[in-house]
Amino acid sequence: MRQRKMKQRKSKQSKSLAKILTLGIAAATVVSSMSVPGGLLAPETVYASDNTGTAESGDQGTEPQEETIQFDVSIRPNDSATVYVMQVTSLADTDTMSYQYSINGTDYYSLQQLQTQETFGASQMVDLHVRAVGSGDTILAAGNREITTPGASDVPTISGADKFSDRTEVTITATPGASIYYTTDGTVPTNGSQQYNTPITLTETTTIQAIAIEDGHIMSDVVGMAFTKESSGGSSSDGGTSGGSSSGSSSDSGSSSGSSSDSGSSSGSSSSGGSTDSGSETAPPQDDNKDKTTTKTETREDGTVVTTTEIRSEDGSVQIRTEIRNEKTGMNIVVNVSKNAKGKITSATAEILDRGFGNVKISGEALSEIVKAAGTKKVKATIKMLTKNDWVIREVTVDVNTLLKRTVRPKKMKIIEIDPETGEKLVVSKMPFRVAADGSVELDHNELGHGNYELVTADEEEALTKQILRSIKATKQSATIREKQGTYFWFEKGVNWYNVDKVTFSVLNPDVARVSSDGRITGLKPGKTVVKAVVRLQNGRSKLIRMTVIVNEKK
């Protein structure tokens, strides 16, 4: 009966092949997976491998075949130039079939939705699958291509005197042909911001942020540079002081004290009650060859307190630490940003501190605060769950840019665990987490133990799963034993068994040999059979491995 069904399936495939060839689509052989007798495999995708290069397809060893589709892909930036979109081309139009796509090889959608529902970052590797489906959802042909999207535009350069007394001119340069957009109000620039054409004249303290967009590329990272207007009052030696006496003469500033080294004593005069520059007055005058630190504190109407500390080094690089706290809402965020001497962001990280034992939550409000403080979406954020004594229960790291990536279909993300000793990534979660339109996501604490985790895209988890499954191999492809004697189904070294949920063994011909739950094989009578091992990972994915066993007569 089974052989008859296999022949009927081959007949249908031959008819499908004829249809494909009439459409001018090139044909090639690919392997399709089949269920394993005995119900050992779950319905999810199984990577079949027997260490001999053949695919498992029932007891008869036949290999069902599909045809391969050849296609081209066009890639372009979206309208806002923030991400890339793809479109499949060079496919034949036909009423007898429809096309579907997948970017993980498992979940397929109508090909028309590829351009509207999927977006991709710069230099991102994509394994794009396309298949032709006939009536009754019959798969007629399939193919895939590994594609790497173009890089982002090069970052522009902002030039000008960062300190001035009256006015200064700022120029912004970029790759020839690129368009430059900038802001002066602290917002992140987009392709809808002011376009740069001529030098910018500044007469007040201003921070300029800019991006560049090259033709056919998404926008660059944001670059920023602060320009500070300095007070012209006082002598050059006292330029770091503010609120001096009205006489303006350094020789008279100390009256009876007389010495210019006592410039700080002028703070005791009546003029000391003048300006209070939001924390900057707490920084003492510093020599030009030392690091300069400024601190500013902002208290908002909703009770949120934002404290920003900027440390400018002698080489021009800047370290910025922003603390965002609100006692009413429990928000507690720390953002750290490093910039080089040209103002380019070299690193951006954030910590969200949460004291509680419930689910791990990342709100859209927190993400908005992080992006505003960092000046970029490319931030690695870590959510730390703390006890009342500030002991870390668990840490979850996520890429903010990935959470805020806009797609029509809700994004699915997966949790992986990070081995604290080796840094190795482990698959642990069967359940995907959906990300809301504002980037917010909530992780069920029942899925997480104490430890370090990372929230990744379904594609990243899929790539990790494939890598782990490829590492699981049997030490030998075949074994010869005698009646009443035995051997074991051994696996090669190097497998991290923390990734594995369980291993199930079975034998095709139980009259020839039997296999125990721990992989011990015992010969029963002369003959040949196949022992199968199904290795299931913690995330539910499986791999099938076969070993041929020959049983000889007992001497």
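**Strands, cores and rings: a quick Q&A**

Trainee: Which residue of strand 12 does S159 stand opposite?
Mentor: Keep in mind that this is a predicted model. Strand 10 covers 157-159, and strand 12 covers residues 168-173. These two pair in the antiparallel sense over three bridges. Facing S159 in strand 12, you'll find T171.

Trainee: Which strands sit at the edges of that open sheet?
Mentor: The sheet has three strands, paired antiparallel in the order 10-12-15. An edge strand pairs on one side only, and that picks out strand 10 (157-159) and strand 15 (200-202).

Trainee: By how many degrees are its neighbouring strands turned against each other on average?
Mentor: We're still in the 10-12-15 sheet. Ignoring direction, the average turn between neighbouring strands is 25 degrees.

Trainee: Over to the largest nonpolar core: which helix gives the largest share of it?
Mentor: That core has 36 residues, and I370, L403 and L455 have the most contacts inside it. Five of the core residues come from one helix, residues 364-374, and that's helix 3.

Trainee: How many residues does the other core have?
Mentor: It lies apart from the largest one and includes A474, I481, A513 and V531. Its size is 28 residues.

Trainee: Which residue is the bridge partner of V398 in strand 30?
Mentor: Strand 25 (residues 392-399) runs parallel to strand 30, with five bridges joining them. Beyond its close sequence neighbours, L455 is in contact with V396, T397 and V398, among others. The bridge partner of V398 is L455.

Trainee: Why is strand 30 described as largely enclosed by the rest of the structure?
Mentor: Strand 30 spans residues 451-457. Buried means under 20% relative accessible area. Strand 30 is largely enclosed because the buried residues number five of the seven.

Trainee: Is Y109 buried or partly exposed?
Mentor: Its ring pairs with that of Y101, tilted, at 5.9 Å centre to centre and 45 degrees between the planes. Y101 has a relative accessible area of 0% and is buried. Y109 comes in at 22%, so it is partly exposed.

Trainee: What is the centre-to-centre distance for F489 and F491?
Mentor: Both rings are buried, F489 at 4% and F491 at 16%. They share one aromatic cluster with W497 and F505. Their pair is tilted, with 45 degrees between the planes and a centre-to-centre distance of 5.4 Å.

Trainee: And which residue lies over the face of Y108?
Mentor: Look 3.7 Å from the ring centre of Y108. Lying over that face is R131.

Key
Residues are numbered from 1 along each chain as its sequence is written. This is a predicted model: local features need pLDDT of at least 70, side-chain atom pairs count only at pLDDT 80 or more; totals for chains, interfaces and linings use all residues. Side-chain values use heavy atoms; hydrogens and water are left out. A nonpolar core is a set of buried Ala, Val, Leu, Ile, Met, Phe, Trp, Tyr and Cys residues joined through side-chain atoms within 4.5 Å. Buried means under 20% relative accessible area, exposed over 50%, partly exposed in between (1.4 Å probe, protein chains only). Helices (H or I, at least four residues) and strands (E, at least two) are DSSP runs, numbered from the N terminus. Contact means heavy atoms within 4.5 Å. Two strands pair if DSSP finds at least two bridges between them. Axes are lines fitted to C-alpha atoms, for helices over the stretch in contact, and angles run from 0 to 180 degrees between N-to-C directions. Rings of Phe, Tyr and Trp (its six-membered ring) pair if their centres lie within 6.5 Å; planes under 30 degrees apart count as stacked, over 60 as edge-to-face and the rest as tilted. A charge sits over a ring if NZ of Lys or CZ of Arg is within 6 Å of the ring centre and within 35 degrees of the ring normal. Lists of a residue's contacts leave out its neighbours within four places in sequence.
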